[in-house]
Amino acid sequence: MQTFSINDTEAMSIALRVAKLGRHGVKANPMVGCVIVRDRKIIAKGYHHLFGDNHAEVNALNQIKYNAKDAIIYVTLEPCSHIGKTASCAQEIINSGAKKVFIATLDPNPLVNGEGARMLENAGIEVDVGLLESEALELNRGFIRRMSTGMPFVTCKIAMSIDGKTSMTSGESKWITGEPARLDVQRLRAVNQAILTGSGSVLLDNPNLTVRSDDNLSNPLRVIIDSKNQINDKSLNIFSDDAQTLILNHDNTKTLKSGKLDLHDALRQLADKGLNYVLLEAGPGLVGAMIKSNLINEFVIYCAPILMGGSANSMNNLTLETMADKINLSISEIRMVGDDIKITATIK
């Protein structure tokens, strides 16, 4: 197993930390951080701020006027080798005179995919890959999933009672959780590029599906699965502001033999638009269908200390006949948010 020094690990940790500062601006691009060290001192730090703007390496190199002679560069994702909206970062590093580059993880983008590292090595620069790789993969799990599979990373958010109910039989669901949990959901929405829901939820609740925040953050794309082609009322809240809305119905999405929309095709369309992260906020029908189709990568469940009774609606409508059919979850985090329990989990 490859080992790295404490100094190298610390420098890459800082690069990962600054990379997160671009979370709300990079859009289809990955979050990337870069740290430049000479004589064991950090001389520059940079990150990718906005989609279409300079990448992390260039922002860091600009701080030292591209004089990285005898310096070591730590970057959280393989420098790009191609010329797109910006110049090739691998070539920029070569031009700077750096002597070594630590790369946390290679870039699965077919336009890069090892070529950036090869460019550096061919130019005589020492390259070391794998420093804090698991942390780098986690940082850009949506981008990596989209590049590797052509699908976005889907998080399913559920607010439910302690007996697993999400709404009363009348459809009433406000408010199951407390204000702290609802504010936490706003932060969750803000780090996703799309909010996915079903037409039934739109017609029942008439939600806005926007980010309620004082930070002037851009709103995610609202995506409505409309398998009955019934969303046509332009007075609905999903059409009442500047946030964009995409209706997926039988006119623009593949249809299964059952007559339902092909959810795989729906998500592929979102990935083709450059969406790395999708937040599913839906009723039990769509949630159940997404689970059954194995399209949910993570659950974020807010569990309120209330009981809503046996006749209330459950979080999904899956029909499981025996214990052998049960779906096992792997819990990665449990914490309190106000009076509610927040559970983060994945399907095993």
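Colleague: Two strands pair if DSSP finds at least two bridges between them, fine. What stands opposite S161 in β12?

Modeller: A304 of β12 stands opposite S161. This is a predicted model, in which local features need pLDDT of at least 70, side-chain atom pairs count only at pLDDT 80 or more, and totals for chains, interfaces and linings use all residues. Residues are numbered from 1 along each chain as its sequence is written, and side-chain values use heavy atoms, without hydrogens and water.

Colleague: How many bridges are there between β6 and β12, and in which sense do they pair?

Modeller: Seven bridges, in the parallel sense. Strands are DSSP E runs of at least two residues and helices are H or I runs of at least four, numbered from the N terminus.

Colleague: And what about β6 with β11, how many bridges there?

Modeller: Four bridges join β6 to β11 (residues 277-280), and the two run parallel. Within that pairing, V154 has V278 of β11 opposite.

Colleague: Is β6 enclosed or open, and why?

Modeller: Strand β6 (residues 153-161) has nine of its nine residues buried (under 20% relative accessible area; exposed is over 50%, partly exposed in between; 1.4 Å probe, protein chains only). It is therefore largely enclosed by the rest of the structure.

Colleague: Which side chains point which way from β6?

Modeller: F153, T155, K157, A159 and S161 point one way. V154, C156, I158 and M160 point the other way, and the residues of both groups are all buried. In a regular strand the side chains alternate between the two faces of the sheet.

Colleague: Different topic. What is the strand order in the five-stranded sheet?

Modeller: The order is β2-β1-β3-β4-β5. The sheet is open and its pairing is mixed. Its edge strands are β2 (41-47) and β5 (126-129), each of which pairs on one side only.

Colleague: How do β4 and β5 pair?

Modeller: In the parallel sense, over four bridges, with β4 covering residues 100-103. V101 has V127 in β5 as its bridge partner.

Colleague: Which strands does helix α1 lie across?

Modeller: Helix α1 (residues 6-19) lies across β1 (33-38), β2, β3 (72-75) and β4, where contact means heavy atoms within 4.5 Å. Helix α1 runs at about 145° to β1. Angles run from 0 to 180 degrees between N-to-C directions, with axes fitted to C-alpha atoms, for helices over the stretch in contact.
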